[in-house]
Amino acid sequence: MTPRFHTPADEARAPYVIGLDVGSGGSRAALYDASGREVDRRKHKVPHDFTTADDGTSTIDADQVVEELRTGIAAVLDGAPGPVAGIGIDTFASSLVVVDEAGRAITPCITYADTRCRDQVARLREQLDTAALHDRTGARLHSSYLAPRLLWLREQHGEILERAHRVMALGEYVALRLLGTAALGTASAAWSGMIDRRTGQYVPELLEAAGASADLLGAPRDPQDTVDVAGTPLAREFPQLEGARWVPVVGDGLTANLGIGALGATTWGISTATSGAIRQLVDTEIGTLPSGLWAYRVDAGRTLVGSAMSDCGRLLDWIRTQTSLPGDLSQLDTDTLLSSPPSAGTPLVVPFLSGERGTKWRDGARAVIANVSASTTAEDLLRGALEGLALSFLRIADQLREISGEPERIVLSGGMTDVVPGWLHLLADALGMPVDHVAISRSTMRGTLLALEQVAPDVPRAEVPVLRRVEPVAAHAAYYRERLARFEAFGDLA
């Protein structure tokens, strides 16, 4: 397991901030010092699961999440070395909670994984100029985004929208319940797919298509537009927070980059969890956005650009389950298997087990396994699957290079790589760049240190430690380019 990046309380530096993180598997809280280190391993997690159904339902009780975070705040404040100056929060992206005039949720939180609006997605794709909207919003028309969800609610549950006073992102609703103020961060609003990435304003034709108004959705706030905790219900419950500032909620993609130290346009941040992504935080205007990427406004000066795949760690789990490989891959010499030179006999795997996101966004695509013979082993399939994953990242990297050229550095974290660190040989070879695997656990929660920008902007942050650096083998580059051409051909058939 990746070691936690922490400091003893007696060595910690004020001011202190709390990071709150709501993921698909639980709600977490941790206390950090001004350097960005976790204080005394002071953290708390409340596990949870989404409610799912065969019709595409994927929801969670929004008030349950509020109580989970309240519990986490209490836990990390107990015995804290000093008062807290800031609170940052991230959640899984693309969430929706309908709220009545009394400020109470009248629906569960609809999560990014809910696909019940897929028919509305198809209809909107026919009605709207999807290429123009992608360039304008930085997002695709997809079941994760807000316009088709609002249209689905209006058509299937019109009585709910008749009672609606506001439609909120989950983290915005958390702020309303804890502070009495609904604080929607720009980076969270951008993940709705409804705002113009250049202006930060809602796109009129999307509002019209969804039958919504900007007032229904609420005004986005940049990170510096904080909420004072003083005088709020949260301060009355926790006096240590009286002087704190609450930073409006952002999506977990942004905090994943911030948490591992991918802070600027010269660095790519790679996540390798159940899903995977490459992201880059840029402070320059993005002209024409490549078709396979998204671009989410953070504030007036910064944009998070990148793309993602649904199957990363999920692909590894599938290979382990479906073959004779041991459940514990440490029983295999995966370092030797994955660092050996490439072979033309390795299976070619297009890893679309859950459909394709970046770069062609084909929801109905499925996995392909080719180049299999009677002599193919389970180890060969493992290598082929992880090569396919490396090619998936290469496709995104090629489009990122169209925006800003080669990065100076690539940093990576994630549970999937902790299980099979040897796969970084494949990734480095495919990308043609060194890859730094950093020693950060739960990077998204640490990324809520966006709060430190507001309360301690001049305090240097501690450098995130590197577990290992993997250098590419230049002679392997041609193999991956040839494989990528075949990958794309099979992907088009999938």
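Is strand 16 (residues 294-299) mostly covered or mostly uncovered, and how many of its residues are buried? In this predicted model, strand 16 is mostly covered, with 6 of its 6 residues buried.

Strand 16 belongs to an open sheet of 7 strands. The strand order is 16-17-15-14-20-21-22, and the pairing is mixed. Strand 16 stands at one edge and strand 22 (466-470) at the other. Each has a single partner strand, so one side of each lacks a neighbour in the sheet. On average, neighbouring strands of this sheet are turned by 25 degrees against each other, direction ignored.

Strands of a sheet pair through backbone hydrogen bonds, in either a parallel or an antiparallel sense. Both senses can be followed here in individual strand pairs. Strand 16 and strand 17 (residues 302-309) run antiparallel and are joined by 5 bridges. A hairpin connects the two through 2 residues. Within this pairing, tryptophan 294 has glycine 306 of strand 17 as its bridge partner. Strand 14 (residues 267-272) and strand 20 (residues 409-413), by contrast, pair in the parallel sense, again over 5 bridges. Here serine 271 stands opposite serine 413 of strand 20.

Helix 14 (residues 378-404) lies across strand 14, strand 15 (276-282) and strand 17. Helix 14 runs at about 155 degrees to strand 17.

Helix 14 also packs against helix 12. Two packed helices are described by the angle and the distance between their axes. The axes of helix 12 (residues 313-322) and helix 14 come within 10 Å and cross at roughly 165 degrees. That angle makes helix 12 roughly antiparallel to helix 14. The crossing is right-handed. Helix 12 contributes Leu315, Leu316 and Ile319 to the contact. Helix 14 contributes Leu381, Leu382, Ala385 and Leu389. The residues of this contact divide into 7 nonpolar, no polar and no charged. An α-helix has 3.6 residues a turn, so residues three or four places apart point the same way.

Helix 11 (residues 252-259) is likewise mostly covered, with 7 of its 8 residues buried. The buried residues are Gly253, Leu254, Thr255, Ala256, Asn257, Leu258 and Gly259. Just after helix 11, glycine 261 takes a positive phi of about 90 degrees.

Key: Residues numbered from 1 in each chain as written. Predicted model: local features only at pLDDT ≥ 70, side-chain atom pairs only at ≥ 80, totals over all residues. Heavy atoms only, no water. Buried < 20%, exposed > 50% of the residue type's maximum accessible area, 1.4 Å probe, protein only. Helix = DSSP H or I, 4+ residues; strand = E, 2+ residues; numbered from the N terminus. Pairing = 2+ DSSP bridges. Axes fitted to C-alpha atoms, helices over the stretch in contact; angles between N-to-C directions. Parallel < 35°, antiparallel > 145°, perpendicular 65-115°, else oblique. Left-handed = near helix turned anticlockwise from the far one by under 90°. Contact = heavy atoms within 4.5 Å. Nonpolar A, V, L, I, M, F, W, Y, C, P; charged D, E, K, R; others polar.
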